[in-house]
Amino acid sequence: MKTKEIVFAALFAALIAVMGLIPPIPLGFIPVPITLQTLGVMLAGCFLGRKTGFISLLLFIILVAIGLPLLSGGRGGPSVFVSPTVGYFLSWPLAVLCIGYVTEKIWSKLSLWKLIVINFVFGVLLISLIGAPVMALITGTSIWAGLVGATAFLPGDLLKAVVASIVAVQLKTLSPIDDKVNRT
């Protein structure tokens, strides 16, 4: 791994942590709040690629696990791993892997609309399809109820997918993905 990739991985872990400082928006009917951190997850995938993005999210999860209050609302530590949000939180590295993998595959023909679709499918739908059932199991509700409740996230998450895509396209030449593609 190059120094640039290590710096970007750490930088994005820090960016996602900073996004956790924005107060969450609680919803009365689902125990998972709306946060800005999924924007950072999508941006990490489509800007850093699968490997560097995954390392960034792995670093973030380790920091949360050791007790740093990096999740939205100032949460961190072992209790996070038994909370209703754990499925969403632990799906982030998988989402980054998928976003990064597909982005790398289409890098030479990257366009804004393709990146929006990638971020929506893997950064919105995948996270919800993992997070909602886990939340339902932890809270003792039906998986269907969890999935229905998670639809409340779709409008905001779509907006986050668009923003992440716009930023990634604008910063494409600075991306470590660009270095990999131009080396081969």
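This passage describes helix packing and the nonpolar core in a predicted model.

Two packed helices are described by the angle between their axes and the distance between the axes. A good place to begin is helix α1 (residues 3-19) with its partner α2: their axes lie 8 Å apart, at an angle of about 160 degrees. Angles over 145 degrees count as roughly antiparallel, and α1 and α2 are therefore roughly antiparallel to each other. The crossing of α1 past α2 is right-handed. On the α1 side, the contact is built from Phe8, Phe12, Leu15, Ile16, Ala17 and Met19. Facing them from α2 are Gln37, Leu39, Gly40, Val41, Leu43, Ala44, Phe47 and Leu48. By residue type, the contact of α1 with α2 holds 12 nonpolar and 2 polar residues, and no charged ones.

Helix α2 (residues 37-48) also packs with helix α7 (residues 154-170), and here the axes come within 9 Å and cross at roughly 35 degrees. This crossing, too, is right-handed. From α2, the residues involved are Thr38, Leu39, Met42, Leu43 and Cys46. They meet Asp157, Lys160, Ala161, Val163, Ala164, Val167 and Ala168 of α7. The residues of the contact between α2 and α7 comprise 9 nonpolar, 1 polar and 2 charged. Leu39 and Leu43 of α2 take part in the contact with α7 and also in the contact with α1.

Attention now turns to the interior. The largest nonpolar core has 45 residues, and the members that touch the most others are Val41, Phe60, Tyr88, Phe89 and Trp92. Two or more core residues are supplied by each of α1, β2 (30-34), α2, α3 (50-65), α4 (86-105), α5 (112-139) and α7. The largest share comes from α2, which gives 8 residues. Val41, one of the core residues with the most partners, also belongs to the α2 side of the contact with α1. For Phe89, leaving aside neighbours within four places in sequence, the contacts are Phe60, Ile61, Val64, Leu71, Val80 and Phe81. Phe60 thus appears as a contact of Phe89, and both are named among the core members touching the most others.

A closer look at one residue of helix α5, Ala132, rounds off the picture. The relative accessible area of Ala132 is 0%. Since buried means under 20%, Ala132 is buried. Not counting residues up to four places away in sequence, Ala132 touches Tyr88, Ile127, Gly146, Leu147 and Ala150. Tyr88, in turn, is one of the core residues that touch the most other members. Val121 lies 11 residues from Ala132 along the chain, and their C-alpha atoms are separated by 15 Å.

Terms used. Residues numbered from 1 in each chain as written. Predicted model: local features only at pLDDT ≥ 70, side-chain atom pairs only at ≥ 80, totals over all residues. Heavy atoms only, no water. Axes fitted to C-alpha atoms, helices over the stretch in contact; angles between N-to-C directions. Helix = DSSP H or I, 4+ residues; strand = E, 2+ residues; numbered from the N terminus. Left-handed = near helix turned anticlockwise from the far one by under 90°. Contact = heavy atoms within 4.5 Å. Nonpolar A, V, L, I, M, F, W, Y, C, P; charged D, E, K, R; others polar. Parallel < 35°, antiparallel > 145°, perpendicular 65-115°, else oblique. Core = buried A, V, L, I, M, F, W, Y, C linked by side-chain atoms within 4.5 Å. Buried < 20%, exposed > 50% of the residue type's maximum accessible area, 1.4 Å probe, protein only.
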